[in-house]
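Colleague: I am new to this structure and should be grateful for a close look at a single part of it. Please take one helix and its surroundings as the starting point, and proceed from there.

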Amino acid sequence: MAIFGKSYEYYLGYALSGGGAKGFAHLGALKVLEMYGLRPDVIAGTSAGALAGVLYADGYHPDEIVDLFRKREFKEFVAFTFPRTGFLKSTGLHTFLKKNLRARHFEELQIPFYAVATDWERARTVIFSSGDNLVDAVVASCSVPIVFNPQMIDGVPYVDGGILKNFPVSVIRKKSRYVIGVNVSLMIPPVEKDNLRTMMERTFSLMSNANTLIDKSYCDILIEATGLEKFFMFDLHNQNLIMEAGYHAASLKMSDKESLEIVRRCHRHYQLAEKVKAHLSLIGGHGAIRKKQNHSNEQ
């Protein structure tokens, strides 16, 4: 559109990283962005970022999203299975999304949304953004290998998008005038005593952090939530603390000069978009009146 000043499909995009339960920090960051009067035209999410992103794109407020998970146990979202490809089935997460998502198709979401998953057989990143496989796509994006069975979509096994694209800034970079990225998956320091859980989490952290460096450089505003290393990947007992960490990180970043300038430009864009909308509505109204008058004259 001409009001974008260039051939951008979207003006402002949000990119939300993977990070397991640390994804609750996304909700704190989203609250801050709302306080600044920002509203995204598109959202891209990987793993936990896909889960937070799809609910936000569906019209939920960040506080409403965290309430959906409050007082829930991790076991509610999974089912044990014979460990052929994974120890757990994500049937509970599938049921949770079907129950709480108002949209059944990507096109029914209030905000365009891109879910990032990994094609397990072809070892490539796949972006889902249309069709009726919305729930399956988000579950696929969250399916950590070995822990979860792959999610089958049209006969193809998909796993966590964080393996190859944990921070999906590049997914919307060329489409968006500005991109705000929220990264909640910073490097986890090694613990003194390793066990299966900590080994698995650090392995996934090393892998996902290795593919975020370029995407970080693509952000116009980069929000990174620190202090989350003490929280386990599947910790559903500290949502408020994790959310507060995201809120604090976003508050600091959005108060700097560069961020405030982008906020100012976004609001100027909103004002211009409203003027264009009002002008088009006025033209449409006049057209309807003329059409009615011509119809009367013909009679």
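How near do the axes of α1 and α10 come, and at what angle do they cross?

Modeller: The model before you is a predicted one. In it, the axes of α1 and α10 come within 6 Å and cross at roughly 40°. An angle under 35 degrees would count as roughly parallel; at roughly 40°, therefore, α1 is oblique to α10. The crossing of this pair is right-handed.

Helix α10 itself deserves attention before its partner. It consists of 16 residues, 239-254, and at 1.5 Å a residue it should span 22 Å. Its end C-alpha atoms lie 22 Å apart, so the expected and computed spans agree. Within α10, the buried residues are Gln 239, Ile 242, Met 243, Ala 245, Gly 246, Ala 249, Ala 250 and Met 254. These residues cover an arc of only 150° around the axis, which means that they lie on the same side of α10.

Helix α1, residues 24-35, has a second crossing to consider, with helix α3, residues 62-69. Here the axes come within 9 Å and cross at roughly 160°. The two helices are therefore roughly antiparallel, since angles over 145 degrees count as such. The crossing of α1 and α3 is left-handed, whereas α1 passes α10 in a right-handed crossing.

Helix α2, residues 48-57, offers another view of burial. All 10 of its 10 residues are buried, so α2 is largely enclosed by the rest of the structure. Among them are Leu 51, Val 54, Leu 55 and Tyr 56. The buried residues of α2 also include Gly 49 and Gly 53. Just after α2, Gly 59 takes a positive phi of about 105°.

Positive phi values occur elsewhere too. Most residues other than glycine have a negative phi. Ala 123, however, has a phi near 50°, a positive value in a residue other than glycine. Ala 123 is placed in the loop between β5 and β6, and at 58% relative accessibility it counts as exposed. Asp 154 is another such residue, with a phi near 55°. Asp 154 belongs to the loop between β8 (151-153) and β9 (156-160). With a relative accessible area of 75%, Asp 154 is exposed.

The loop between β5 (113-119) and β6 (124-128) also holds Trp 120. Trp 120 is partly exposed, its relative accessible area being 49%. In sequence, Trp 120 and Gln 151 are 31 residues apart, while in space their C-alpha atoms are 9.7 Å apart. A further loop, between β10 (176-183) and α8 (196-210), contains Leu 186. Leu 186 is partly exposed at 26% relative accessibility. From C-alpha to C-alpha, Leu 186 and Gly 227 are 9.1 Å apart, although 41 residues separate them in sequence.

Charged side chains complete the account. A search of the whole structure finds 10 salt bridges. In one of them, Glu 261 and Arg 265 meet at 2.9 Å, N to O. Both residues lie in helix α11 (residues 257-298), four residues apart, about one turn of the helix. Salt bridges that share partners also join Asp 119, Arg 122 and Arg 124 into one network. As for the helical pair, Glu 261 is partly exposed at 27% relative accessible area, and Arg 265 is partly exposed at 29%.

Within the network, the side chains of Asp 119 and Arg 122 meet in a salt bridge of 3.2 Å, N to O. Asp 119 is buried, with a relative accessible area of 0%.

Another salt bridge brings together the side chains of Arg 173 and Asp 220, at 2.9 Å, N to O. Arg 173 lies in helix α7 (residues 169-173) and Asp 220 in the loop between α9 (213-217) and β11 (221-224), so this pair ties together parts that are 47 residues apart in sequence. The two partners fall into separate accessibility classes: Arg 173 counts as buried at 18%, and Asp 220 counts as partly exposed at 32%.

Terms used:
Residues numbered from 1 in each chain as written. Predicted model: local features only at pLDDT ≥ 70, side-chain atom pairs only at ≥ 80, totals over all residues. Heavy atoms only, no water. Expected span 1.5 Å × (residues − 1). Buried < 20%, exposed > 50% of the residue type's maximum accessible area, 1.4 Å probe, protein only. Arc of directions from axis to C-beta. Salt bridge = Lys/Arg side-chain N within 4 Å of Asp/Glu carboxyl O. Axes fitted to C-alpha atoms, helices over the stretch in contact; angles between N-to-C directions. Parallel < 35°, antiparallel > 145°, perpendicular 65-115°, else oblique. Left-handed = near helix turned anticlockwise from the far one by under 90°.
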